[in-house]
Amino acid sequence: MKRALQLASKGRRFVSPNPMVGAVVVRDGRIVGEGYHERYGQAHAEVNALHAAGDASHGATIYVTLEPCCHQGKTPPCVQALLDSGVSRVVIGSKDPNPLVNGKGIHILQAKGLQVKVGVLESYCRQLNEVYFHYITTGKPLITLKMAQTLDGRIATSTGHSKWITSEDSRVMAHRLRSRHDAVLVGIGTVLADDPQLSVRHVRGPSPRRIILDSRLRVPLDATMLSDKNPHLTILVTTAAASKEKINRITERGALVLVLPENELGWVNPEALWKKMAEMGIASVLVEGGSTVHTECLKRKNADRMVLFIAPKILGSGIDAIGDLGIRNINSALTLSEVRMRNFGKDVMIAGKINYSW
């Protein structure tokens, strides 16, 4: 199963919104075939492993990190492939929470006389597919807030200058985070102040979709994300207040414009936003700013995880990383669990799951 987990991780960012899955076929104590889900829409891990094993799969045991599917999707059901292969035993890391599966695959295999064991290295298998499990059970992408701040909690000076608060080592890690998410999101304020690329440059990996929250469509037509080589990766999210002429000029450049309902503040309704992202197959979003976007995500409990880079610098007055959350009692403070800490140059990264007190 450890080998299957290693194989599964190779599919990261290439199979989303599907889960990462690895499979290993063992016969007489020897690995005779292995495979993983390599790309969205292509063969699943079990099929690739069985193909590699060939006739050696007869009477063998297959180890798979996630319950085999039992429904027809973009590919045929893996349960049928297992039955046709002649394997006698199936060892599964964790059940698949997808309502189309969720124990049905296990039941079919057992009903056909195969030995089935479930829950081997289950915590590792679930952790590997944390994004998928969240996406399939909530109908929303998993949202991670990423911030770079000074010791006194500033993301920029009082004049808006912010390049660079953190070290190059931290920025490399930030690009690695981008490469692991389906999309990266910023507010229009960040675009107007910094004109970011939001691409992956410092590490190897695919660049994510780029989402700009822009309720009044103030984005300049010469913004980098509309004029570089990948405008098709850019999604402008706006409201009915946006100019139709400007929407047309943006779409002519190859970017996508989504017109969504407003909330009570006249901004893009966050619930409509996350629902639309999920419908588009975006299972994970890295929110990079700015302060208003981070604050609203936290106030509305729309953030699941946080990655905070802290540089050993002090600015005094400046732009806060997070604004007023309405917390007036220390016992109501948000907390992080599953906390990880790591140094990047002189900076400290703190990452964890956000726990809400309200």
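# A walk through the helices and loops

Let's start at helix α12, where Ser291, Val293, His294, Thr295, Glu296, Cys297 and Leu298 are buried. This is a predicted model, and in it α12 spans residues 291-299 and is mostly covered, with seven of its nine residues buried. Both ends of this helix repay a look at the backbone. Ahead of α12, in the loop that links β12 to it, sits Gly290. The peptide bond joining Gly289 and Gly290 is cis, with omega at about 5 degrees. On the other side, α12 is followed by Lys301, which has a positive phi near 55 degrees. Such backbone values deserve a second glance, since most residues other than glycine have a negative phi, and most peptide bonds are trans.

With that in mind, let's collect the other places where the backbone does something similar. The loop between α1 (2-8) and β1 (22-27) holds Pro17, and the peptide bond that leads from Ser16 into Pro17 is cis, with omega near 10 degrees. Arg13 is found in that loop between α1 and β1 too. Its phi is positive, near 75 degrees, although Arg13 is not a glycine. Is Arg13 buried or exposed? Arg13 counts as buried because its relative accessibility is 17%, and the cut-off for buried is under 20%.

Leu217 offers another case. You will find Leu217 in the loop between β9 (209-213) and α9 (224-227). Phi of Leu217 is near 55 degrees, again a positive value in a residue other than glycine. Leu217 has a relative accessibility of 3%, so this residue counts as buried.

Next come the helices that pack against one another. Two packed helices are described by the angle between their axes and the distance between the axes. Take helix α2 (residues 45-53) and α3 to begin with: their axes lie 9 Å apart and the packing angle is about 20 degrees. That angle makes α2 roughly parallel to α3, as angles under 35 degrees count as roughly parallel. The crossing of α2 past α3 is left-handed. Which residues of α2 and α3 meet? From α2 come Glu46, Val47 and Leu50, and from α3 come Cys78, Ala81, Leu82 and Ser85. Sorted by class, this contact of α2 with α3 has five nonpolar residues, one polar and one charged.

Follow α3 to its other partner here, α4. The axes of helix α3 (residues 78-85) and helix α4 (residues 104-111) come within 10 Å and cross at roughly 20 degrees. The two helices, α3 and α4, are therefore roughly parallel to each other. What is the handedness of the crossing of α3 and α4? The crossing of α3 and α4 is right-handed. On the α3 side the contact is made by Val79, Leu82 and Leu83, and on the α4 side by Gly105, Ile108 and Leu109. By class, the α3 and α4 contact divides into five nonpolar residues, one polar and no charged. Leu82 appears in the contact with α2 and in the contact with α4.

Just before α2, the loop between β2 (30-36) and α2 contains Gly41. Gly41 is partly exposed, with a relative accessible area of 33%. Setting aside neighbours within four places in sequence, Gly41 is in contact with Lys74 and Thr75. Phe14 is 27 residues away from Gly41 in sequence, and their C-alpha atoms are 10.0 Å apart in space.

Our last stop is helix α7. It has 12 residues and reaches 17 Å from its first C-alpha to its last, close to the 16 Å expected at 1.5 Å a residue. Its buried residues are Ser170, Arg171, Met173, Ala174, His175, Leu177, Arg178 and Ser179. What do the buried residues of α7 pack against? They pack against β6 (142-149), β12 (284-289), β13 (305-310), β15 (335-344) and β16 (347-355).

To zoom in on one residue of this helix, choose Ala174, which lies in α7 (residues 168-179). Ala174 counts as buried because its relative accessibility is 8%. Beyond neighbours within four places in sequence, Ala174 is in contact with Lys146 and Phe309. Finally, Ala174 and Gly318 are 144 residues apart in sequence, and the distance between their C-alpha atoms is 22 Å.

Technical notes. Residues are numbered from 1 along each chain as its sequence is written. This is a predicted model: local features need pLDDT of at least 70, side-chain atom pairs count only at pLDDT 80 or more; totals for chains, interfaces and linings use all residues. Side-chain values use heavy atoms; hydrogens and water are left out. Helices (H or I, at least four residues) and strands (E, at least two) are DSSP runs, numbered from the N terminus. Buried means under 20% relative accessible area, exposed over 50%, partly exposed in between (1.4 Å probe, protein chains only). Contact means heavy atoms within 4.5 Å. Axes are lines fitted to C-alpha atoms, for helices over the stretch in contact, and angles run from 0 to 180 degrees between N-to-C directions. Angles under 35 degrees count as roughly parallel, over 145 as roughly antiparallel, 65 to 115 as roughly perpendicular and the rest as oblique. A crossing is left-handed if the near helix is turned anticlockwise from the far one by less than a right angle, and right-handed if clockwise. Ala, Val, Leu, Ile, Met, Phe, Trp, Tyr, Cys and Pro count as nonpolar, Asp, Glu, Lys and Arg as charged, and the others, Gly among them, as polar. The expected span of a helix is 1.5 Å times one less than its number of residues.
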